[in-house]
Amino acid sequence: MTRRVAVVAGGHSKFGKRYDATVRELCAEAFKPILDEGITQDMIDASVLSYAASQFTGQGAGSALIADYLGLHEKPHLRVESACTTGTASLRAAWGMVASGLYDVMLVLGVEQMNRVTSAQATELMARAGDMRWEYPYGISFPAFYALMASRYMHEYNLPHEVLSMIAVKSHHYGAQNPKAHLPREVTLEEANNAVPIARPLNLYDCSLITDGAAAVVIAAENRVKEFTDEPVWIKGIGAGASEMMIQDRPSLTSIPGAKRAAKAAYKMAGIEPKDIDMAEVHDCFTIAELIAYEDLGFAEPGKGREIVENKENYHDGRIPVNVDGGLKSKGHPLGATGISMTYEILMQMRGQVQKPSRQIDDVHYGLAHNVGQSGQFVNVIIFERGW
Amino acid sequence: MSKEKKELYLGYATDKAVTPFFQRFLEALEQEKLMMSRCPKCGAEYLPPRQHCQKDLEECELVEFPEREAKLYSYVIVDFAPESLASRAPYVVAIGEFPSGKRLTAHITNLMSMPEIGMTLKLAFDRIDDKKITYKWLV
């Protein structure tokens, strides 16, 4: 017998190259707005720290450090690691603990600090999330895994690179309106399409950012929600899926099988269909990933994702607004924080609190977060429902 | 007296975790033999080889993989490389698909023009330095 669980509060640090902070200060920045809403440490039973890659900082036992820094050191805590899907994996773990009755109220906090190393070192560390025996020796960087998907997708569906650049233009258009974004500026289609190559066919503007930042949400069991808010956002469906470790072993590279499995499970649990979704936060670690996400989530048929892009259906006033906070591309991608940042954005959109009307989506009832780990080995899809 | 283990590693960036099973793979590779593995219980085959069968976790045996030509299934040209391979960039990583359907991921080292999906790749072998060896693709 599970209990319903809602997101009742959230906080978000500024994303960027945060040389002024380490993980502890970033976490404090994300947690402070929650305290400012009148929620105190005493009201939180336990916490989960979403911290994907301690090798970037060298700090071990991360959840102990952060719980102590935030005044939660007497409350149980643990850390989750699932590469880039760590945020929603953490939320899933916490949901289970609250739904089961183990705890009533939990803090789920995501953080990453990636800029204490050089870009080449960061690329090196992320390449080690490939198979260390068979992939790593060949220098398959994180962008390279997605470039392998892009090459195949472009071949099978005759996709011009310009469509990918249109996704980057959209991301930057909205990132420019998000004060928390790492790179809050517009880019033109020409700039995006002609940028320096990183992992061809992907160029600089196809790639998400190496970002420092943190985001936090508080979740509560249904019998406790009213103590926190009149505007709860229910966790309506949680789907998780997985795919082969080595990218060469996937039957197809034009879709992420784990994402399709996760989406199917999430829709089933929520009892809704893709057409019911009012907004989506998708894992655009690379532009090709966003295009594939449209198809894996059922917003477009296989090979037809480009129509959403070309018709601007993914803008805030379109059929299916996607990443109107700038996404991983412009808002940034601090690995462990990303899934929680997606959750935060859905919370703010539902509450009508995104500050800029030019990126506020009207009347969001169902929001979806699609959060992919590494190149699709593990995926979490979470569907949220407005509770008022 | 036990035979001294020859120091061999796979590929350009070295993962130094070499098990006895992997060592046998590397010593065969040095003789220009690409080994796959086969489960003695269920017959499942793996390329690259796994020591344990994915289905029943039986100990697999190494057997020579006979195919030499593949088609380019997908590729990437890595311009901005991980630190360990920075001096080699740009390089082409290709997934080749053999007629049997088995695939292998390796560098194409002799391309003079842009890769084309479907092009023929020939399996070849290379000694990178006195300790590092690899399989690779030639067009």
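User: What makes up domain 1 and domain 2 of chain B?

Analyst: Chain B is divided into domain 1 (9-64) and domain 2 (69-138), bounds that come from an automatic or database domain assignment. This is a predicted model, in which local features need pLDDT of at least 70 and side-chain atom pairs count only at pLDDT 80 or more, while totals for chains, interfaces and linings use all residues. Residues are numbered from 1 along each chain as its sequence is written, chains are lettered from A, and side-chain values use heavy atoms, with hydrogens and water left out.

User: Which residues of domain 1 of chain B lose the most area to domain 2 of chain B?

Analyst: Between them the two domains of chain B bury about 1600 Å², 69% of it on carbon and sulfur atoms, where buried area is the accessible area (1.4 Å probe) that two parts lose on being put together, summed over both. On the domain 1 side, B:Tyr9, B:Tyr12 and B:Leu47 lose the most, together 44% of what that side buries.

User: Why is the pairing of B:Glu45 and B:Lys102 called a salt bridge?

Analyst: A salt bridge requires a side-chain nitrogen of Lys or Arg within 4 Å of a carboxyl oxygen of Asp or Glu; the side chains of B:Glu45 and B:Lys102 meet at 2.9 Å, N to O, and therefore the pair satisfies the definition. The count between domain 1 and domain 2 of chain B is two salt bridges.
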